[in-house]
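Subject: Structure for your review

Dear colleague,

Please find below the structure that I am handing over to you. My notes on its helix packing and its interior follow.

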Amino acid sequence: MDPTTADVTTPIVDRVRRRLASSGLSPSRPAVAGFVRAESGGLLTDAHLLQLVREAEDEMSGAGAVEPLLRDPEVTDVLVNGPEEVWIDRGSGLERAAVRFADDAAVRRLAARLAAAAGRRLDDSAPWVDASLPDGTRLHAILPPVSVGATRLSLRVLRPRAFGMDDLIVAGTVTEQSRMLLTDIVRGRLAFLVSGGTGSGKTTLLSTLLGLVDPAERIVLVEDAAELRPRHPHVVRLVARPPNVEGTGQVSLQDLVRQALRMRPDRLIVGETRGAEVADLLAALNTGHDGGAGTVHANSAAEVPTRMEALGALAGLSRDAIQGQLVAAVDAVIHLRRDRAGVRRVHEIGLLRRDGDGVTVLPAWRRDGAECEAGPRLRALLAERVEATW
């Protein structure tokens with residue numbers, strides 16, 4: 001599009017938006033197309049007219065200027081730092097996108113409309129929102145002056161595709177050696193936690209590992225947002241619900257973990273352990289639910305026990321109580337890191353052990369091939385459990 005055409009596009013879309021709002025009509029394609037024709041005055045080519053209709057549709061019911069980015073099957077994250085600063089992640093680190101908004105008001109309008117689509121409110125009295133859109137996209141937005149200088153918008157795209165282990169090997173996430181260990185961890189029904197930082201690939205790896213579960217087993221997923229996509233024939237999904245605009249109707253992860261225990265799970269999976277539900281998860285894994293799993297934010301495998309202690313404190317558990325349950329409930333920790341090139345990799349597999357007055361994670365396998373203290377113990381445990389299970 002040449003600059004002259006671009007200068008014409010934004011005012012027309014703005015006028016179409018105002019006419020549609022005053023008309024009370026839904027933003028259907030025929031309605032949008034009719035207003036675009038009326039506002040353009042018949043001076044545009046058919047190609048540009050179709051482009052205007054598409055842009056107006058994105059503005060009325062899609063994600064506006066970033067809608068084309070969300071349609072890109074390679075994009076996992078869209079980050080708007082301001083009207084002229086949009087970033088995307090295609091799986092290999094952040095890159096600047098050639099997308100611009102007219103001004104911060106346009107970013108704010110989009111953020112408020114997306115929040116409304118998620119059944120949430122975003123305004124001066126509620127200056128941030130963390131919610132899931134109807135298509136599963138994770139939305140976070142925060143307004144000035146809390147966000148200094150501009151409205152910030154973050155969109156995490158959930159792709160329907162389920163990955164297999166071969167896909168992760170091609171992507172560099174898993175090596176052939178770690179693949180064998182991870183497969184045996186699942187087959188041996190070891191309970192495990194997948195740890196890592198934000199965007200390190202925890203959900204993708206957990207989804208892939210659940211695809212290795214025996215098809216005869218029943219998997220019950222408990223999630224804050226419906227992100228896990230395992231290739232498995234018997235999956236039951238429970239998704240938490242935030243309070244509505246009136247502040248009622250909340251369904252927490254803690255509520256759902258308790259409900260999941262009554263649904264005869266062979267594998268109970270908590271998509272992300274981030275609060276008091278850790279008490280229910282550990283209790284479930286200590287009552288015969290072998291092979292359970294979850295994800296947790298941590299900077300290293302060694303920090304997982306400390307992270308779990310902090311979450312246990314939110315549930316009112318003492319340090320001794322959370323440590324005892326953690327060692328009894330969880331066998332292994334699988335830690336992911338994102339390297340400087342943005343590639344997500346399984347960095348370490350460790351085993352939990354009670355050590356004096358604390359809990360430690362002993363390295364059993366490292367990506368760098370270094371000899372690990374708990375390596376023989378992991379292999380012996382896997383041999384015993386896999387033989388007993390299969």
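In these notes, contact means heavy atoms within 4.5 Å. In that sense, M263 touches R218, V236 and L238, leaving aside residues up to four places away in sequence. Please bear in mind that this is a predicted model.

M263 is found in the loop between α9 and β10. Is M263 buried, partly exposed or exposed? Its relative accessibility is 24%, and M263 therefore counts as partly exposed, given that buried means under 20% and exposed over 50%. As for its partner V236, M263 and V236 are 27 residues apart in sequence, while their C-alpha atoms lie 9.2 Å apart in space.

Helix α10

Helix α10 covers residues 277-285. Most of this helix is covered, with eight of its nine residues buried. The buried residues are E277, V278, A279, D280, L281, L282, A284 and L285. Against which elements do the buried residues of α10 pack? They pack against α9 (253-260), β10 (267-270), α11 and α12.

Helix packing

Two packed helices are described by the angle between their axes and the distance between the axes. Three pairs may be described in this way.

For α9 and α10, the angle is about 20° and the axes are 8 Å apart. That makes α9 roughly parallel to α10, since angles under 35 degrees count as roughly parallel. Their crossing is left-handed. On the α9 side, L253, Q254, V257 and R258 take part, and they meet E277, D280 and L281 of α10. By class, the residues of this contact divide into three nonpolar, one polar and three charged.

Helix α10 also packs with α12, at an angle of about 45° and with the axes 9 Å apart. The two helices, α10 and α12, are therefore oblique to each other. Here too the crossing is described as left-handed, α10 passing α12. A279, L282, A283 and L285 of α10 make the contact together with I322, Q325, L326 and A329 of α12. This contact of α10 with α12 has seven nonpolar residues, one polar residue and no charged residues.

The third pair consists of helix α11 (residues 304-314) and helix α12 (residues 319-329), which pack at an angle of about 125° with their axes 9 Å apart. Helices α11 and α12 are therefore oblique to each other. The crossing of α11 and α12 is right-handed. In this contact, P305, M308, E309 and G312 of α11 meet R319, I322, Q323 and L326 of α12. By class, the contact of α11 with α12 has four nonpolar, two polar and two charged residues.

Nonpolar cores

How many residues does the largest nonpolar core have? It has 33 residues, and those with the most contacts inside it are L182, F192, L205 and V346. Of these, F192 may serve as an example: not counting residues up to four places away in sequence, F192 touches I185, V186, L206, L209, G292, A293, G294, V330, A332 and I334. A second, separate core has 32 residues, including V236, V296, L311 and A329.

Two residues of this second core were mentioned earlier. V236 is among the residues that M263 touches, and A329 is one of the residues of α12 in the contact with α10.

Yours sincerely,

A colleague

Definitions and conventions. Residues numbered from 1 in each chain as written. Predicted model: local features only at pLDDT ≥ 70, side-chain atom pairs only at ≥ 80, totals over all residues. Heavy atoms only, no water. Axes fitted to C-alpha atoms, helices over the stretch in contact; angles between N-to-C directions. Helix = DSSP H or I, 4+ residues; strand = E, 2+ residues; numbered from the N terminus. Parallel < 35°, antiparallel > 145°, perpendicular 65-115°, else oblique. Left-handed = near helix turned anticlockwise from the far one by under 90°. Nonpolar A, V, L, I, M, F, W, Y, C, P; charged D, E, K, R; others polar. Core = buried A, V, L, I, M, F, W, Y, C linked by side-chain atoms within 4.5 Å. Buried < 20%, exposed > 50% of the residue type's maximum accessible area, 1.4 Å probe, protein only.
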